[in-house]
Amino acid sequence: MEIFYYMVFGALAAVVAALELSKSNKDRINTSSAFNSFKNNYLLVYSLMMAGDWLQGPYVYYLYSTYGFGKGEIGQLFIAGFGSSMLFGTIVGSLADKQGRKRACVTYCITYILSCITKHSPQYKVLMIGRILGGIATSLLFSAFESWLVAEHFKRGFDQQWLSLTFSKAIFLGNGLVAILSGLFGNLLVDSLNLGPVSPFDAAAVFLAIGMAVILSSWSENYGDPSESKDLLTQFKGAAVAIASDEKIALLGAIQSLFEGSMYTFVFLWTPALSPNDEEIPHGFIFATFMLASMLGSSIASRLLARNTVKVESYMQIVFVISSGSLLLPILTNFLVPSPKVKGGGISFSGCLQLLGFCTFEACVGLFWPSIMKMRSQYIPEEARSTIMNFFRIPLNIFVCIVLYNVNAFPITVMFGMCSIFLFVASILQRRLSAIGDKPKSGEWTMLKEKNAEAELLDDA
């Protein structure tokens with residue numbers, strides 16, 4: 001492995017350690033022992049859930065290929081996962097608001113464990129069922145847990161600012177440290193112990209089962225709006241009208257879709273970008289480096305969120321501009337830096353520049369997650385939190401499915417250029433959100449519920 005990778009990893013590790021160790025009282029939030037106990041319980045569960053997810057990611061494509069499936073068939077399996085998340089995600093999100101967020105989190109564990117079990121079968125139909133189950137689980141992972149946390153946080157009477165502490169720690173651990181350890185653990189199972197490509201999925205099922213046991217034994221139930229016996233269609237309509245009637249919610253949804261769509265596209269593109277001539281690159285080590293960069297971003301976010309003088313709506317404008325510029329690097333290096341014509345070998349000079357840019361983008365990802373969580377907790381109404389959050393994922397999943405289907409139709413520079421434009425648009429929308437963010441809520445959700453009630457009375461008449 002070239003020394004360049006060690007230098008980048010070591011530099012990032014040193015900066016993250018320095019940031020964490022140098023935190024002053026201004027960078028810390030004074031909390032109660034009751035909150036710390038609550039926070040640590042959630043962080044334990046969230047870390048176990050993310051371990052179950054991260055263990056699978058690096059080996060899904062590899063497992064399918066060992067079963068003899070080609071690129072086209074594997075692409076269809078991936079599309080099935082995102083399509084499932086798009087079609088069924090909103091339904092399960094609404095059920096989470098209606099039937100309980102704790103039940104939804106337990107359903108995530110069961111669904112994802114079943115998805116892991118299907119990986120033992122080489123049958124295409126069984127694997128397709130597994131991808132559908134995985135898509136449903138992904139929707140629950142990115143909505144039910146956050147919805148439970150926000151509702152439970154306020155139900156217990158904790159300070160609103162303390163919520164940002166939980167968000168930043170969850171991303172630092174779950175999307176950073178746990179991701180790195182999961183990658184190393186998966187590598188140990190597959191390469192060192194020679195247990196085969198299905199072993200990370202078995203390990204993931206074990207972590208999910210442990211997390212489910214903790215949820216069942218220590219979490220209480222909370223709901224969105226249990227007082228009203230609405231059917232799913234009414235909930236969907238209510239969530240859609242809430243997004244359409246409140247500009248802040250609509251802007252937040254658009255920003256999230258633009259950033260996450262670019263992020264998931266980046267996941268598919270970074271490998272061919274760094275090895276256009278089949279250069280030998282250490283995928284696992286680069287993945288760990290990206291996760292370390294994400295930890296750097298979440299560490300910076302925890303400092304920013306701890307200060308009342310810094311508005312999340314303001315600094316996220318800068319984050320989106322930086323992320324947009326970082327994904328322009330593959331285009332710039334393609335035109336300005338000559339690419340080697342020889343196949344194979346180590347990473348090129350342009351690849352080194354792009355790797356630094358990609359680490360910058362991952363740092364922006366680390367900043368994005370706790371910040372978007374904070375904004376969602378402020379702007380999304382509690383009554384339909386999970387439903388609206390999954391509505392945000394519909395355009396995201398449509399976009400990713402289109403990208404997957406046409407991944408070979410456009411040059412890689414065009415794809416990165418598209419992502420860069422999306423991120424710049426997100427910065428413009430964030431600027432608008434910052435301008436109207438301080439405006440008092442005008443009771444949109446209350447008026448909406450009154451309209452629904454009137455409509456129901458008319459229907460009954």
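Below, a student asks how some descriptions of this predicted model were reached, and the author explains.

Reader: How do you know how much confidence the predictor has in the protein?
Author: The protein averages a pLDDT of 86, and 90% of the residues score at least 70. Confidence is highest in helix α9, at a mean of 97, and lowest in helix α18 (residues 444-460), at 54. Where pLDDT is low, the predicted coordinates should not be read in detail.

Reader: Why is the pair R103 and E221 called a salt bridge?
Author: The cut-off is 4 Å between a side-chain nitrogen of Lys or Arg and a carboxyl oxygen of Asp or Glu. The closest N and O atoms of R103 and E221 are 3.7 Å apart, and that makes the pair a salt bridge. R103 sits in helix α5 (residues 101-118) and E221 in the loop between α9 (199-218) and α10 (232-245), so the bridge ties together parts that are 118 residues apart in sequence.

Reader: What makes R103 partly exposed?
Author: Partly exposed covers what is neither under 20% nor over 50% relative accessible area. R103 has 46%, so partly exposed is the right word.

Reader: How do you know that E146 and R376 form a salt bridge?
Author: Their side chains come to 2.4 Å, N to O, and the limit is 4 Å. This pair links distant parts of the chain, with E146 in helix α7 (residues 144-155) and R376 in helix α15 (residues 349-379), 230 residues apart. E146 and R376 are both buried.

Reader: What makes K155 and E152 a salt bridge, and where do they lie?
Author: The N to O distance is 3.3 Å, and the rule asks for 4 Å or less, so the pair qualifies. K155 and E152 are 3 residues apart in helix α7, so about one helical turn separates them. E152 has 2% relative accessibility and therefore counts as buried. Through shared partners, salt bridges join E152, K155 and R156 into one network. The same rule gives a count of 5 salt bridges.

Reader: Why is G157 called exposed?
Author: Exposed means over 50% relative accessible area, and G157 has 60%, so the name fits. G157 is in the loop between α7 and α8. Its C-alpha is 9.5 Å from that of F35, and the two residues are 122 apart in sequence.

Reader: What makes F185, L188, L193 and L195 a nonpolar patch?
Author: Patch members need over 30% relative accessible area, and nonpolar side chains are joined within 5 Å. L193, one of the four, has 46% and counts as partly exposed. L193 lies in the loop between α8 (160-192) and α9. Together the four residues have about 340 Å² of accessible area.

Reader: What is notable about the phi of N194?
Author: N194 has a positive phi of about 55° although it is not a glycine. Most residues other than glycine have a negative phi. N194 is placed in the loop between α8 and α9, and at 60% relative accessibility it counts as exposed.

Reader: Which residues have the most contacts inside the largest nonpolar core?
Author: They are M49, Y108, F145, F290, F358 and I388, in a core of 142 residues. Helix α15 supplies the largest share of this core, 14 residues. Setting aside residues up to four places away in sequence, F290 touches F266, W270, L355, F358, C359 and E362. In soluble globular proteins, nonpolar side chains tend to be buried together.

Reader: How do you know whether L327 is buried or exposed?
Author: Buried means under 20% relative accessible area, and L327 has 0%, so it is buried. L327 lies in the loop between α13 (312-326) and α14 (329-336). Not counting residues up to four places away in sequence, L327 touches residues including F266, F358, F416 and L423. The C-alpha atoms of L327 and I421 are 9.4 Å apart, with their positions 94 residues apart along the chain.

Reader: And what about L423: buried or exposed?
Author: L423 also has a value of 0%, so it counts as buried. L423 is part of helix α17 (residues 412-436). Beyond its neighbours within four places in sequence, the contacts of L423 include F259, F320, L327 and F361.

How values were computed
Residues are numbered from 1 along each chain as its sequence is written. This is a predicted model: local features need pLDDT of at least 70, side-chain atom pairs count only at pLDDT 80 or more; totals for chains, interfaces and linings use all residues. Side-chain values use heavy atoms; hydrogens and water are left out. Helices (H or I, at least four residues) and strands (E, at least two) are DSSP runs, numbered from the N terminus. Buried means under 20% relative accessible area, exposed over 50%, partly exposed in between (1.4 Å probe, protein chains only). Patches are made of residues with over 30% relative accessible area and no salt bridge: like charges are joined within 9 Å, nonpolar side chains (Val, Leu, Ile, Met, Phe, Trp, Tyr) within 5 Å. Accessible areas come from the Shrake-Rupley method with a 1.4 Å probe; for residues, only the protein chains shown count as cover. pLDDT is the predictor's confidence in each residue, from 0 to 100. A nonpolar core is a set of buried Ala, Val, Leu, Ile, Met, Phe, Trp, Tyr and Cys residues joined through side-chain atoms within 4.5 Å. Contact means heavy atoms within 4.5 Å.
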